[in-house]
Protein chains: 2
Amino acid sequence: MRQGSPRFVGETWPVMSDEPAQAVVKEIPPKAADLSAWYTAVCLKAELVSYSPVRGCVVLRPYGFALWEKLQQHLDARFKQTGHENAYFPLFIPANLLQREAEHVEGFAPEVAWVTRGGGEELTEPLAIRPTSEAIIGVMYAKWIQSYRDLPILINQWANVVRWEKATRPFLRTMEFLWQEGHTAHASAEEARKETLTILDLYRDFAENVAGVPVYAGPKSAGERFPGAVETFAIEALMPDGKALQSGTSHDLGQNFAKAYDIKFVDSDSAIKFVHTTSWGVSWRMLGGLIMVHGDDRGLRLPPKMAPLEAVLIPIVRTNDDRAVAACQATAERLAAAGFRVRLDARDEQPGWKYSEWDVRGVPVRIEIGPRDVESGTAVLVRRDRQKGDPEQRRSVALRDVESNLRELLDDVAASLYRDAKRFLDEHTIATSDRAEFFELCRNRAGMVDIAWCNRPECEAHVKAATTATSRVLRPLEGSAVCTACGEPAQVRAYFAQSY
Amino acid sequence: MRQGSPRFVGETWPVMSDEPAQAVVKEIPPKAADLSAWYTAVCLKAELVSYSPVRGCVVLRPYGFALWEKLQQHLDARFKQTGHENAYFPLFIPANLLQREAEHVEGFAPEVAWVTRGGGEELTEPLAIRPTSEAIIGVMYAKWIQSYRDLPILINQWANVVRWEKATRPFLRTMEFLWQEGHTAHASAEEARKETLTILDLYRDFAENVAGVPVYAGPKSAGERFPGAVETFAIEALMPDGKALQSGTSHDLGQNFAKAYDIKFVDSDSAIKFVHTTSWGVSWRMLGGLIMVHGDDRGLRLPPKMAPLEAVLIPIVRTNDDRAVAACQATAERLAAAGFRVRLDARDEQPGWKYSEWDVRGVPVRIEIGPRDVESGTAVLVRRDRQKGDPEQRRSVALRDVESNLRELLDDVAASLYRDAKRFLDEHTIATSDRAEFFELCRNRAGMVDIAWCNRPECEAHVKAATTATSRVLRPLEGSAVCTACGEPAQVRAYFAQSY
């Protein structure tokens, strides 16, 4: 992936801010022709990220960070509503602690970055940069939890983590990334499982109703499970190239970590028991998913609830007539007072140049006010989600009703983006019971290939070897059937797809 | 500092959550007797932090993180109001980048943690964990800035940083800590200096009007300057033991970093010039300051604007009578609806046990409702900042007026905490022109010792060697005088103090 890409130090840098907007837009290749080239171009041109001189690491620029802040606000509010609190645990994990849960260390060891020198000295024990925090949090929970009265513990952490990667792809695959990781401890298996599913549904709700990205939610196969988990659940979205993107995971860790880190409590019956733990996370990868799902040849199309700016106001200026600017200014202030996230673009540039610039950035609605609008007391609202020529793209509204019109339009943009994405997912979810067709659909990245499945690791390994596809999530099988992939008795239904 | 303290792995852990509240409070030693022991006890007992198994690193527990979130909210809003945007830069800084600014690397090299292994391989170039981000941000600014139209760049980052430390003291000195670091670039020296001072005043305003901690703000001496800065400004608070705490710094970096990282722009006169940069930061150290300044023998006393909870409601329950609980519940809901941060403590414990628990945590106001209050339609509001026996500690108010009474009381608690701290600072700011007295005051940690000063590094080095005190901030000298410390002509007035 990205072979032949420059090694960053000394590379020729794409100059963005000095280029005219038309040129910038022209540089975004058509999405349908090459999703990968389109994606990178959009991430750079919209100034979401810059490549950095550190291999594998990107810089999240202000517009990209504003998008991340929206994700944080929505998820953080949902976490708090469901009783979770934030905390912060150390970045470093001493080698001996990481090694206590056997499957966990085996899964993560190849990806770990190690600090071996500090304060001018070689360390006697190297420190891992956290690839995830089960280990350090497990040790702390063992200290904090004594009695059933201390349970449940419901903690979330917003943090940076590091997993060694050879390739870099903004949001989707970077060495350092931002995420949130929840870690909870419970008195019973039932309660831990309930927590795992509560979070899975919270993630699904966020993906669908905030990010506008429809997903399949469910358990993963054994082969796709988190190292050390009893059961992993995930939400999986479908990208335009037919590959799935795992966008959030919720793990029921059973008592595996409790035993490895000695997290015990005295229950109400006075018996000493191990707790049951869960962990769950969403990273900035979710942003990569919504960019790919919604974007078009002009750039980003942001779902309104995630958009740093809901609308941008652009005066259609005639020489020596600044009434349009004044009307835009007054309208921007009214909208801001009504709680909308808006910006007036009064820069000394051509309106068309500005249109392109804000189109790239995916602002859901553009509000144009020209001299004629000033006279008639109107404004033109232009939807970013529609294309030129669509009669619904532009509407002229009375300025006195601009708030209600904008509200309605934003809701409609949100619904429309979701509807389009849902249609794509539905149309690219293909059920089959024919073995040859199944393998061909998987090889061709036809989408989510829905089969009756035996749920055996050997079968999944065989499919993967033959097609690179794996099961994404499972669901119950109704009735009985044979496995489409191998002919053994089926146990579940599964969506298979190639994945990021 | 903290000699003989355990090395954490395998240490006996202080069990907090299972101990009765009285015992917990009893364990906080008197503040006046031993500030250091009191401080550590309060940080642990209030469950702000826990020591971690990683030497030098603490865990910020949910209550501590909630305090940090209040700091973030207040500062972040002020940054945004003054035109700054957030972004995120890589954790890692390749060795060659860190080394470009000579003074900078010399200042930070001894404190750096180095990653030398990753993905199972030895790295050809070690990666520093950021001790601060001037280097990596300088490289990016050189890429982003082409023209005067790209200026100013006003970016802030909330991040974790690592500086190798031998000793651990929650908030005040830890290997990894949370902070914000602002990094701006400007077309002119005047604009950069103005930014530096804007932020200095923003920090002063936050410290005094939100954290309730009075500070001296001003430039530092050359010896106390940030490595690579042209001028460093700071806010300095005075702790109860007479030592100063540097609580925020704002650096005018001139063109030093612009030259080291080649950050140039084409100005409006077509000339190619180096930009002028600033950087500034506040860390969780600020929390350590407000804990020490306001706390008392019962634990924390939180300034209301920083308090995660403004009030806690405690029903005075009589057996088989839960009207008090219902009244507390209804009042809590009313207060929450009015925008107050409140919690009902309806646990099955004695009221006195709960009082102590919330006293330790420093909740500014306690609201008690008992059966008699239910009958008379009243509640008792108890101020955390006052001591037992103070006639103003408790007031009975009509329940229908509880919102306005709570608002007024919170404002009064805030004003009162600040007034007490300001009086302490004033009483411990001692001007002297007598050399022997100056050295004795410095040695005795008498507070901020205010002298006419020559502003020579040799003089400061001599004072430091003799007393361990250094200059904290400088201000203009009115008229002429000789240096109290050495007898040479004075250039400035300076506050000298020992410091954390």
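Which residue of chain B comes closest to the rotation axis?

1. **The axis.** The answer is B:V115, whose C-alpha sits at 2.1 Å from the rotation axis. Keep in mind throughout that this is a predicted model. Chain B superposes on chain A after a rotation of 180 degrees, with 0.0 Å of shift along the axis and an RMSD of 0.0 Å. That is how a two-fold axis relates two copies. Both copies use the same surface: 98% of the contact residues of chain B recur in chain A.

2. **The interface.** In chain B, 50 residues are in contact with 49 residues of chain A. Several elements of chain B supply at least two residues each to the side that touches chain A. The strands among them are β2 (58–60), β3 (85–86), β4, β5 (113–118), β7 and β8 (176–186). The helices are α3 (62–81) and α6. β5(B) gives the most, with 6 residues. By class, this side of chain B has 30 nonpolar, 11 polar and 9 charged residues.

3. **Strand to strand across the chains.** Look next at β5 in each chain. Strand β5 of chain A (residues 113–118) is joined to β5(B) by 5 bridges, and the two run antiparallel. One pair to find on screen is A:R117 and its bridge partner B:W114 in β5(B).

4. **The shared sheet.** What is the order of the strands in the open sheet of 6 strands? Reading across, it goes β4(A)-β6(A)-β5(A)-β5(B)-β6(B)-β4(B), with antiparallel pairing. At the edges are β4 (92–94) of chain A and β4 (92–94) of chain B, each paired on one side only. From one strand to the next, the twist averages 45 degrees.

5. **An edge in detail.** On the chain A side, β4(A) pairs with strand β6 (residues 121–129) over 3 bridges, in the antiparallel sense. There A:F92 stands opposite A:I129 of β6(A).

6. **An enclosed helix.** Is helix α9 of chain A buried or exposed? The rest of the structure largely encloses α9 (residues 285–294), because 10 of its 10 residues are buried. The buried residues include A:R285 and A:H294, as well as A:M286, A:L287 and A:G288. The buried residues of α9(A) pack against three helices and strands in turn: α2 (35–45), α3 (62–81) and α13 (402–427), then β10 (231–238), β11 (244–252) and β14 (276–283), of chain A.

7. **Cis peptide bonds.** Check the bond from A:L151 to A:P152: it is cis, with omega near -5 degrees. A:P152 lies in the loop between α6 (134–144) and β7 (153–162) of chain A. In chain B, a cis peptide bond joins B:L151 and B:P152, with omega about -5 degrees. B:P152 is placed in the loop between α6 (134–144) and β7 (153–162) of chain B.

8. **Positive phi at B:D262.** B:D262 is not a glycine, yet its phi is positive, at about 60 degrees. It is found in the loop between α8 (256–261) and β12 (264–266) of chain B. With 14 other C-beta atoms within 10 Å, B:D262 is partly exposed.

9. **Positive phi at B:S270.** B:S270 is not a glycine either, and has a positive phi of about 70 degrees. This residue is in the loop between β12 and β13 (272–274) of chain B. Why does B:S270 count as exposed? It has 7 C-beta neighbours inside 10 Å, and a residue with 12 or fewer is exposed.

Methods: Residues numbered from 1 in each chain as written. Chains lettered and ligands numbered in written order. Predicted model: local features only at pLDDT ≥ 70, side-chain atom pairs only at ≥ 80, totals over all residues. Buried ≥ 20, exposed ≤ 12 C-beta atoms within 10 Å, placed from the backbone. Helix = DSSP H or I, 4+ residues; strand = E, 2+ residues; numbered from the N terminus. Contact = placed C-beta atoms within 7 Å. Pairing = 2+ DSSP bridges. Axes fitted to C-alpha atoms, helices over the stretch in contact; angles between N-to-C directions. Least-squares fit on C-alpha atoms with pLDDT ≥ 70 in both. Nonpolar A, V, L, I, M, F, W, Y, C, P; charged D, E, K, R; others polar.
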